[in-house]
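The following paragraphs lead through the fold strand by strand, and then turn to a pocket and to two individual residues. The reader may wish to keep the sequence and the coordinates in view throughout.

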Amino acid sequence: MTVYYTSEHEWLRVEGDTAVVGITQHAADELGELVFVEVRPTGTELKSGESAAVVESVKAASDIYAPVDGVVLEGNPVLADDPARVSADPEGEGWIFTFRVTDAAQLSSLMDAAAYKALLG
């Protein structure tokens with residue numbers, strides 16, 4: 001399993017051709033407590049950079065983007081009743097959706113943990 005990060009403050013844990021995607025602790029801190037999460041329907045094909053989900057907090061609404069080309073497998077079912085789980089554990093139980101990666105070569109354009117930490121300064 002490999003973890004990647006995007007400049008939009010998303011993370012993805014990849015195992016084989018499947019990725020679990022969420023927002024980083026930094027993004028969760030910036031947004032505050034989430035009150036709503038909506039993921040595109042299962043089976044939705046997305047290109048890198050297209051909106052895969054929307055999260056809404058008392059501060060703002062933000063798109064969560066597909067980090068690479070792929071297909072939405074499922075949204076985190078816990079978030080329908082407990083969207084604040086993302087705020088409480090953004091890089092663990094607060095994952096947002098699973099995704100089948102259709103172009104693994106695109107993963108090389110993402111950051112590792114050290115590069116993401118450097119981005120944050």
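Two strands are said to pair if DSSP finds at least two bridges between them, and the strands themselves are DSSP runs of E, at least two residues in length, numbered from the N terminus. The structure described here is a predicted model.

With those terms in hand, the account may begin at the N terminus. Strand β1, residues 2–5, runs antiparallel to strand β2, residues 10–15, and four bridges join the two. Within this pair, Tyr-5 has Trp-11 of β2 as its bridge partner. Together β1 and β2 make a hairpin whose strands are separated by four residues, and in the turn His-9 adopts a positive phi of about 70°.

Strand β2 also pairs with strand β3, residues 18–23, again in the antiparallel sense, here through six bridges. Leu-12 is matched with Val-21 of β3, and Glu-15 is matched with Thr-18 of β3. This second hairpin leaves two residues between β2 and β3, and Gly-16 in its turn has a positive phi of about 65°.

Both hairpins belong to a wider arrangement. Strands of a sheet pair through backbone hydrogen bonds, in either a parallel or an antiparallel manner. In this model an open sheet of six strands follows the order β1-β2-β3-β9-β8-β5, with antiparallel pairing. Strands β1 and β5 (45–46) stand at its edges with a single partner strand each, so one side of each is left without a neighbour in the sheet.

Strand β9 of this sheet spans residues 97–101 and contains Thr-98. Is Thr-98 buried or exposed? Its relative accessible area is 10%, and because buried means under 20%, Thr-98 counts as buried. Apart from neighbours within four places in sequence, Thr-98 is in contact with Ala-19, Val-20, Val-71, Val-72, Leu-73 and Glu-74.

There is also an open sheet of three strands, ordered β4-β6-β7 and paired in the antiparallel sense. Its edge strands are β4 (34–39) and β7, each of which pairs on one side only. From one strand to the next, the twist averages 20°. Five bridges hold the antiparallel pairing of β4 with strand β6, residues 51–57. Across this pair, Phe-36 stands opposite Glu-56 in β6.

The largest pocket comes next. It holds about 160 Å³ of space. Its lining consists of 13 residues, and those nearest its centre are Glu-8, His-9, Ala-27, Leu-31 and Ser-62. Among these is His-9, already met in the turn of the hairpin formed by β1 and β2. Which elements each supply at least two residues of the lining? They are α1 (25–31) and β7 (61–65). By character, the lining divides into six nonpolar, three polar and four charged residues.

Finally, helix α3 covers residues 113–120 and includes Ala-113. The relative accessible area of Ala-113 is 45%, and because this lies between the limits of 20% and 50%, Ala-113 is described as partly exposed. Ala-113 and Ala-53 are 60 residues apart in sequence, and their C-alpha atoms are 23 Å apart in space.

Note on methods. Residues are numbered from 1 along each chain as its sequence is written. This is a predicted model: local features need pLDDT of at least 70, side-chain atom pairs count only at pLDDT 80 or more; totals for chains, interfaces and linings use all residues. Side-chain values use heavy atoms; hydrogens and water are left out. On a 1 Å grid over the protein atoms alone, a cavity is a set of points where a 1.4 Å probe fits but cannot get out, and a pocket is an open set with protein on both sides within 12 Å along at least five of seven lines; lining residues have an atom within 4 Å of a point. Grid points are joined across faces, edges and corners, and a volume is the space filled by probe spheres set on the points. Ala, Val, Leu, Ile, Met, Phe, Trp, Tyr, Cys and Pro count as nonpolar, Asp, Glu, Lys and Arg as charged, and the others, Gly among them, as polar. Buried means under 20% relative accessible area, exposed over 50%, partly exposed in between (1.4 Å probe, protein chains only). Contact means heavy atoms within 4.5 Å. Axes are lines fitted to C-alpha atoms, for helices over the stretch in contact, and angles run from 0 to 180 degrees between N-to-C directions.
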